[in-house]
Amino acid sequence: IQFDMTYYNRTTHDALINAIIAPSVGSGATRRLQNLGSIQNTGWEFTVGGQLVDSRQFAMDFHFATALNSNVVKSLGNTPPQIGTTNWIVEGYPIRGLWAIPILGWHDDNKDGILTANEIDVKYDTLYDETIDPITGKPKHSVAGVGSFRGYAEPRYLTTFTPGLEFLNHRLRVQSLFDWRAGNKWYNNTERIRCTRPNCNGMFNPNASMEEQAMVVAANFNAAKTLDGFFQPGGFVKWREASATLQLPQMLYSRSRAKSASLVFTARNLKMWTKYRGTDPESDFAVGEGGDAPSEFQTFAQPTYFIVRLNLGF
């Protein structure tokens, strides 16, 4: 058995921040990227693995790895909070966290099974801007936005488990990969646009749950116009892969002058368990584009597919 543990605490300085440019500068631009920010990342990483059984006819091994991460914006360099539609950058909170006016609950007063705008309870929180005014030299104390921190946009907890079995004097190996990620919320932007048109389940399905109704009513008809209901639990467990590798007998490939040969069958994205109500809590329409934080927007879930491969070694 092998075991490894790592703790890290890293602070990054001079992070790029969209600093506001005073109109008196006369540049025409309202913001400029400047190296003003400071971000702290802390966390733990654990791995454990080993060979549990090792005989000619049967062997068993495993590998387990988990990581826990926290990040916080330590400083914005005396610039205001960066307020987006769903993702804010605010001192003392995770970078690009999800923010919204919270839905506290609902009450079906007339017991008709249909929620209306005045049957949704929301909570207004005011975030004050403590930035120093360059003219007066005093804090501005103006309202920078209305909302509450609703959760991390990226998973904080990542765990993988890889068990392996071997048979026939190690000639046949069967292996799986399971993946658990959690500690975040995922923006169901697909359902949001369906509900604002509106043509979604929470609006027209008579069997829609109160939670689904509250989500669309709070976004469309309540005075808050909050997107909070579309920030849904992003945790999941996925059976990412199963594979079987068979080392072929030499008599089958000796004439090809190969020194080794194996036949591999692989199946990927086999099963997912999640409370997320969209297609996939990893489905991201803007991945790699550096835009808004992850969200599902009219994108497909990861498909299940199969691979058969013949490996020849010379």
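Trainee: In which strand is L310 placed?

Mentor: Ground rules first: this is a predicted model, where local features need pLDDT of at least 70, side-chain atom pairs count only at pLDDT 80 or more, and totals for chains, interfaces and linings use all residues. Residues are numbered from 1 along each chain as its sequence is written, and side-chain values use heavy atoms, with hydrogens and water left out. Helices (H or I, at least four residues) and strands (E, at least two) are DSSP runs, numbered from the N terminus. With that numbering, L310 falls in strand β18.

Trainee: How much accessible area does the nonpolar patch with L310 have together?

Mentor: Patches take residues with over 30% relative accessible area and no salt bridge, joining like charges within 9 Å and nonpolar side chains (Val, Leu, Ile, Met, Phe, Trp, Tyr) within 5 Å. The areas come from the Shrake-Rupley method with a 1.4 Å probe, and for residues only the protein chains shown count as cover. L310 is joined in this surface patch by L246, L263, F265, F306, V308, L312 and F314, and together they have about 820 Å².

Trainee: Which element gives the largest share of the nonpolar patch?

Mentor: Two elements give two or more residues each, β16 (260-274) and β18 (305-313). The largest share is four residues, and it comes from β18.

Trainee: What is the radius of gyration of the protein?

Mentor: The C-alpha atoms fill a box of roughly 85 × 55 × 35 Å along the principal axes. The radius is also taken over C-alpha atoms, and the globule rule is 2.2 Å times the number of residues to the power 0.38. For 314 residues a compact globule would be near 20 Å, whereas the protein has 26 Å.

Trainee: How many strands are in the protein, and what share of its contacts joins residues at least 24 apart?

Mentor: Three helices accompany the strands, which number 18. A contact means heavy atoms within 4.5 Å. Among contacts between residues at least 6 apart in sequence, the share joining residues at least 24 apart is 62%.

Trainee: How many salt bridges are there?

Mentor: The rule asks for a side-chain nitrogen of Lys or Arg within 4 Å of a carboxyl oxygen of Asp or Glu. D179, R181, K238, R240, D280 and E282 are linked in a network of such bridges. By this rule the count is twelve.

Trainee: Why does the salt bridge of D61 and R173 tie together parts of the chain, and how many residues apart are they?

Mentor: Their side chains meet at 2.8 Å, N to O. D61 belongs to strand β3 (residues 58-75) and R173 to strand β12 (residues 172-182), so the pair ties together parts whose separation in sequence is 112 residues.

Trainee: Is D61 buried or exposed?

Mentor: Buried means under 20% relative accessible area, exposed over 50%, and partly exposed in between (1.4 Å probe, protein chains only). Its partner R173, at 22%, is partly exposed. D61 has 15% relative accessibility, so D61 counts as buried.

Trainee: Which residue forms a salt bridge with R277?

Mentor: The closest N and O atoms of this pair are 3.2 Å apart. R277 lies in the loop between β16 and β17 (295-296), while its partner lies in helix α3 (residues 210-220), 66 residues apart. R277 is partly exposed at 33%, and the partner, partly exposed at 43%, is E211.
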